[in-house]
Amino acid sequence: MKIAITGGTAGIGKALGDLYESDGHEVLRLSRRNGHNIRSTVKIADAIEAADIFINNAQAGFAQTELLFEMARRWTNTRKHIISIGSLVTNFGTCSSLDLSMSEYFIQKCALELAVKELRQRNLGVRLTNSTISGSTATGSGGGIHSSSLRSGGTLTLTNSTIS
């Protein structure tokens, strides 16, 4: 199976890519580090289109949500699978207790979560999953999640489906 992952060269995206490659899947890693900025929606969508599964992991403003809509349009009636990586920050219910930058991130991740729900209700013929990673998920330099932690202890929570 061909799996495209945005943000696939570090953190959660790298861990997932390593895991799927070790299971024999072909993984396309799209990242700013290798010239793929998700803010260039059409260019990224062109690269993703031939994949069977798209893991919508990279977050940059509202570009993650915009890319979700673009791929949902392109993959309508294909039964392909889009997995959007959300954040546990959306469980806060409000962002008033967060500093301003975290408040902005909260709103962006809430928008992604709402977009997945909205697109699911439209029955577009594309499988849509919203997921979060439980456990340590630091994704900065020297990030905290690795493929080994997903295999033993850390879990990827997928709503409605899994990759097999």
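Student: How many helices and strands does the protein have?

Tutor: There are five helices and six strands, where helices (H or I, at least four residues) and strands (E, at least two) are DSSP runs numbered from the N terminus. Along the sequence they follow the pattern β-α-β-α-β-α-β-α-β-α-β. This is a predicted model, in which local features need pLDDT of at least 70 and side-chain atom pairs count only at pLDDT 80 or more, while totals for chains, interfaces and linings use all residues. Residues are numbered from 1 along each chain as its sequence is written, and side-chain values use heavy atoms, without hydrogens and water.

Student: Why does the span of helix 3 agree with its number of residues?

Tutor: The expected span is 1.5 Å times one less than the number of residues. Helix 3 (residues 63-74) has twelve residues and should therefore span 16 Å, and its end C-alpha atoms are indeed 16 Å apart.

Student: And how do I read two packed helices?

Tutor: Use the angle between their axes and the distance between the axes. Here, the axes of helix 2 (residues 41-48) and helix 3 come within 10 Å and cross at roughly 50 degrees; axes are lines fitted to C-alpha atoms, for helices over the stretch in contact, with angles from 0 to 180 degrees between N-to-C directions.

Student: Which residues of helix 2 and helix 3 make the contact?

Tutor: With contact meaning heavy atoms within 4.5 Å, helix 2 supplies Thr41, Val42, Ile44, Ala45, Asp46 and Ile48, and helix 3 supplies Glu66, Leu67, Glu70, Met71 and Arg74.
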